[in-house]
Amino acid sequence: MSATERLYYNDSRLLEFDARVIGVDRRDDGAVAVRLDRTAFYPTGGGQPSDTGTLGEARVIDCIDVEDEGVLHVIQGPVPDVDDTVHGKIDWLRRLDHMQQHTGQHILSAAFVRLFAAPTHSFRVLEHECEIDVALDDPTDERIEPAVDLANQIIWECRPIQVRQVTTQEAARLPLRKESAREGELRLIEVDEFDLTPCGGTHALSTGEVGVIAVRSWERAKGLTRIQFMAGVRALAYAGR
């Protein structure tokens, strides 16, 4: 079990919390990293960048997942002492952006499976857009556009999104979009009657919060189809440009 209770697993909208400092480490690059007994900060992982925000008077500039050792909060500013109680606050606009991109990816990936039996092999949230690598043969605009249309239809239907905790035995009996190599309890993200997949990221409460998905471009890469897309506020900003 991780040394840090991960509050974002249960509530992606939890933006402020109090926690106890259980460790203060100085990293090889000289940065100070704080370990807490509980955190709402999402660490980089699964293609999703980390949250930023504040911890007391210090600025949290990165969060690193060290599995059983917990989550490292890389800070700039006053360094707390072990056993201090600190107040954490998440940058909401960054969290919202990542929720929209990651939830949008689930919906778009599920659309490609529904229409073309084309699974997503990897996903990345980049600075300005996102990328998915899809096992889509013979890609064309005419094949990709229906998947985008279906994804946006699901978004505009405002379908609920739920988090489910199941055992690996229970998961084996469920129609998961992709399998998980994890043992023990699995965290599943369920888009009502459309998608069910294991994931540890932060997600919207309903598909409507994603707003819209827009595909910017696509190309062949490493035998797959690499699709660059944007969701929510990013898609709006792109349209404005």
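This passage goes through the two strand assemblies of the structure and the helices that pack on one of them. The model is predicted, so to speak a computed one: local features need pLDDT of at least 70 and side-chain atom pairs count only at pLDDT 80 or more, while totals for chains, interfaces and linings use all residues. Residues are numbered from 1 along each chain as its sequence is written, and side-chain values use heavy atoms, with hydrogens and water left out.

Start with the barrel. Six strands close it in the order β2-β3-β7-β6-β5-β8, with antiparallel pairing (two strands pair if DSSP finds at least two bridges between them; strands are DSSP runs of E, at least two residues, and helices runs of H or I, at least four, both numbered from the N terminus). From one strand to the next the twist averages 45° (axes are lines fitted to C-alpha atoms, for helices over the stretch in contact, and angles run from 0 to 180 degrees between N-to-C directions). Strands β2 (residues 16-26) and β8 (residues 85-90) are joined by five antiparallel bridges; phenylalanine 17 has glycine 88 in β8 as its bridge partner.

Then there is an open sheet of four antiparallel strands, ordered β9-β10-β15-β14. Because β9 (120-125) and β14 (213-221) sit at the edges with a single partner strand each, one side of each lacks a neighbour in the sheet. Here the twist averages 20° from one strand to the next. Eight antiparallel bridges link β14 to β15 (residues 224-231), and alanine 214 pairs with methionine 230 of β15.

Helix α1 (residues 92-116) packs on this sheet, touching β9, β10 (130-134), β14 and β15, at about 135° to the direction of β15 (contact means heavy atoms within 4.5 Å). Helix α2 (residues 141-156) also packs there, touching β14 and β15, at about 145° to the direction of β14.
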